[in-house]
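Colleague: Got a minute to go through this one with me? Let's put it on screen first.

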Amino acid sequence: MAEVLVYVDHVDGAVRKPTLELLTLARRIGEPVAVALGSGAENTAATLAEHGAVKVLTHDASEYAEYLVVPKVDALQAAYEQVSPAAVLVPSSAEGKEIAARLALRIGSGIITDAVDLEAGDEGPVATQSVFAASFTTKSRVSKGTPVITVKPNSAAVEAAPAAGTVEALSVTFSEKATGTKVTGRTPRESTGRPELTEAAIVVSGGRGVGGAENFALIETLADSLGAAVGASRAAVDAGWYPHTNQVGQTGKSVSPQLYIATGISGAIQHRAGMQTSKTIVAINKDAEAPIFDLVDYGIVGDLFEVVPQLTEQIRARKG
C-alpha cells in the first residue's frame, strides 16, 4: 500500500487533535507516515503510532523556532523526496496552508485546501470541500503531481489504530531562504482553559442579541458547562464585546464542530460561512423570523437571557 505523508502539528511533543484526525483520513488512502519537526518531535511517536502511523520521521533544529515557515517546508520536502508518497496531508491552519502551498509549488503538484473529507479514488485521493460560503459541496482531485491537501479540523473522528510507529531520523538541509524571516519575539496566548475554537467539538457563540460585553459571561458559563469553546459574531466583535480571535464567520474563523449553539445571532451570510458545516446547529433567538432558523437543526424562539441560564442549569443537573 502506498505511503501518505502527514505533517504533525504539536507543541513540545504534545500532538494536537487535527493531526490525529489526519491519520484517520490518511489510513483511507494508504499507510500514514508522520513528519514531526522541532522541539519534542521524538516524543510524538507513541501517540502517532497509537493512531496509525507506521513510521515517524523526526528532525529537531533551532531554525524551526527561530524562523518562519521555510525551514518546515524544507523538511517536508526532504520527507517527500525520501518517501515518494501518494499524498501529503497538512492541518488547515494559517501556517499549515502556507507550508502546503509552498511545498506544492516546489514539487510541481496541485493543492486542495480546507477539505472536509477524503476518500480513495481510482485516480488518486478525492477531497470534499464546502465552498462559496458553505452554499455548495464539491468533490475534487489533484490532476498533476502528488496531491497536497490541507484538511479542516473536526473533519474526521479520532480513531485508535495501533501501528508500528517506527522512529526514523530525517535528514534535512536547509535552503538559503530558510533564515529569511526571523522571529524576534513571542507573546504567549492567554489561556482561558477552554478548547481551541477551530478544534472544539462544541462551540457556543454570541451575537448582537447578547447586548454587551458584560453579558458574554452568560455565554461563557453555558460553554463551560459543556466543555465548549466560545465564539462571537462579527457584530459582537466590531462592537468591542469580544476579542477578534473568537470571531466566527467569513472574515473570522471557520469552525465545524459536532454541536454549534448560536445565541442572539441573526444568521447573516457572513456568519453562516464560518459555521454552516457544523454537524448539529442550535439557535436561540427571540426573533422567529431570523434567517438563522432556516439553517438550524433545532431552534428556540425566546429571550436568551431566560433560555441560556435555564439551559445551563439543566446541563449541570444532568452532569450531576
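**Helix 9 and the aromatic pairs**

Modeller: Start with the face of helix 9 turned away from its buried side: exposed residues Glu306, Gln310, Glu313 and Ala317 sit there. Keep in mind that this is a predicted model.

Colleague: Which residues of helix 9 are buried?

Modeller: Leu304, Val307, Val308, Thr312 and Ile315. Looking down the helix axis, they fall within an arc of 130°, so they line one face.

Colleague: And what do those buried residues pack against?

Modeller: Helix 6, strand 14, strand 15 and strand 16.

Colleague: How many residues does helix 9 have?

Modeller: It has 16 residues, 304-319. From first C-alpha to last, helix 9 reaches 22 Å, close to the 22 Å expected.

Colleague: What about the ends?

Modeller: At the start, a side-chain oxygen of Asp303 comes to within 2.9 Å of the backbone nitrogen of Phe305. After the helix comes Gly320, with a positive phi near 80°.

Colleague: Switching topic. How many aromatic pairs are there in the whole structure?

Modeller: Two. Tyr64 and Phe174 are edge-to-face, 5.6 Å centre to centre, with 75° between the planes. That pair links distant parts of the chain, 110 residues apart: Tyr64 is in helix 3, Phe174 in the loop between strand 11 and strand 12.

Colleague: Is Tyr64 buried or exposed?

Modeller: Tyr64 is buried, at 7% relative accessible area. Phe174 counts as partly exposed, at 23%.

Colleague: And how are Phe216 and Tyr242 arranged?

Modeller: Stacked, 4.6 Å centre to centre, 20° between the planes. Phe216 lies in helix 6 and Tyr242 in the loop between helix 7 and strand 14, so the pair ties together parts 26 residues apart in sequence. Both Phe216 and Tyr242 are buried.

Key:
Residues numbered from 1 in each chain as written. Predicted model: local features only at pLDDT ≥ 70, side-chain atom pairs only at ≥ 80, totals over all residues. Heavy atoms only, no water. Phe/Tyr/Trp six-rings, centres within 6.5 Å; stacked < 30°, edge-to-face > 60°. Helix = DSSP H or I, 4+ residues; strand = E, 2+ residues; numbered from the N terminus. Buried < 20%, exposed > 50% of the residue type's maximum accessible area, 1.4 Å probe, protein only. Expected span 1.5 Å × (residues − 1). Arc of directions from axis to C-beta. Contact = heavy atoms within 4.5 Å. Polar contact = N/O pair within 3.5 Å; in protein donor to acceptor, adjacent residues only side chain to side chain.
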